[in-house]
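Open your viewer, set the cartoon representation, and keep the selection box within reach. We will go stop by stop, picking out elements and then looking at what surrounds them.

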Amino acid sequence: MNKAIIKNRFSKACKSYSESAVAQQMIASRLASLIGNIKTDKTDSVLEIGCGSGRLTQAIYDLYHPEKYIANDLSANWEEQIKQIGNIEFISGDAEKIDFKDNFDIIASASTFQWFSDFESFCSKIRNNMHTNSLFAFSTFIPGNFIEIKNLTGIGLEYLSFESIENILSKDYEIIYSNNENIRLHFKTPYDVLNHLRQTGVTGITNFKWNKENLLDFYNKYNSEYKCRDMVTLTYIPAYFVARLKKESK
């Protein structure tokens, strides 16, 4: 996982992300709803990993108005936008390496952990920032996400399976909720699909270069295999998890 490429692609997409990241916005809203529906004793402090443009940030802030809200993202370009939401401390950098020091009542993340090099190690590390009743709530993507791109180009993230994530969590956490869904977006042309991916910054996997030949081949195959009623599809498969730290794990 090349974090430099990931950071560069998301930084470039900052201006277009909010308008283009339709699926990510749906996912953040869904995650915020799940968090709000689970009873928790304390909501005074929140740590958010991979805040991006702040859709989840805004939702959680509006729900709880916590005394302390720390929002983290790999790209520093989001800082000004995030701080406009409220009294929020922004920390840029790789969350896998940052020591966040304090304990939090809620640790949340939307559409971020698929970019991590070692999710299991992060789950172990983040225990140090929780007390027994803390909520750990997140969404991430699982196999089948962007299946159209993977099948046509061979390029894609190696996603953890839903079962693998549950197994990792169950070592130290009590899983309160887990589920997944299929979100299918429709575009006029394969070009619009690629433009959507660029505008949302999710092309930070490799430095793959398009040329006239492979681009034409991609367009033809996409139209042939993934066209439905004059539109082509792009599939997102998010998974949602809400958990609490087990008492014996603290």
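Which residue in β9 stands opposite C228? Select C228 and look across to β9: the residue there is M231.

Before going further, a word on conventions. This is a predicted model, in which local features need pLDDT of at least 70 and side-chain atom pairs count only at pLDDT 80 or more, while totals for chains, interfaces and linings use all residues. Residues are numbered from 1 along each chain as its sequence is written, and side-chain values use heavy atoms, with hydrogens and water left out.

**Stop 1: the three-stranded sheet**

Colour by secondary structure and you should find 10 helices and 10 strands. Helices (H or I, at least four residues) and strands (E, at least two) are DSSP runs, numbered from the N terminus. Now select β7, β9 and β8, which form an open antiparallel sheet in the order β7-β9-β8. Two strands pair if DSSP finds at least two bridges between them. β7 and β8 each have a single partner strand, so one side of each is left without a neighbour in the sheet. The antiparallel pair β8 and β9 is joined by two bridges.

Add helix α10 (residues 212–225), which packs on this sheet and touches β8 and β9, with its direction at about 90 degrees to that of β9. Then add helix α3 (residues 22–37), lying across β7 and β9 and running at about 155 degrees to β7. Angles run from 0 to 180 degrees between N-to-C directions, the axes being lines fitted to C-alpha atoms, for helices over the stretch in contact. Contact means heavy atoms within 4.5 Å.

Next, show L185 as sticks; this leucine lies in strand β7 (residues 183–187). Is L185 buried or exposed? L185 counts as buried because its relative accessibility is 12%; buried means under 20% relative accessible area, exposed over 50%, and partly exposed in between (1.4 Å probe, protein chains only). Leaving aside neighbours within four places in sequence, L185 contacts A23, H196, V232, T233, L234 and Y236. Try a distance label from L185 to V22: the C-alpha atoms are 8.7 Å apart, although the two residues are 163 apart in sequence.

While you are here, pick R229 in the loop between β8 (227–228) and β9 (231–236). R229 is not a glycine, yet its phi is positive, about 55 degrees. Its relative accessible area is 80%, which is why R229 counts as exposed.

**Stop 2: the seven-stranded sheet**

Select the strands of the other open sheet, in the order β3-β2-β1-β4-β5-β10-β6, with mixed pairing. At the edges are β3 (89–92) and β6 (173–180), each pairing on one side only. From one strand to the next, the twist averages 15 degrees.

Zoom in on β1, where five of five residues are buried. S45, L47 and I49 point one way, V46 and E48 the other. In a regular strand, side chains alternate between the two faces of the sheet. β1 pairs with β2 in the parallel sense over five bridges, and L47 has I70 as its bridge partner in β2.

Move to S45, which is buried because its relative accessibility is 9%. Beyond neighbours within four places in sequence, its contacts are P66, K68, N103, F104, D105 and I106.

Now lay helix α4 (residues 55–64) over the view: α4 crosses β1 (45–49), β2 (68–73) and β4 (104–110), at about 150 degrees to β4. In the loop between α4 and β2 sits H65, another non-glycine residue with a positive phi, about 45 degrees. H65 counts as exposed because its relative accessibility is 53%.

For antiparallel pairing, select β5 (residues 130–141) and β10 (residues 238–245), joined by seven bridges. L135 has R244 as its bridge partner in β10. Helix α6 (residues 119–126) packs on the sheet, touching β1, β4, β5 and β6, and its direction makes about 155 degrees with that of β5.
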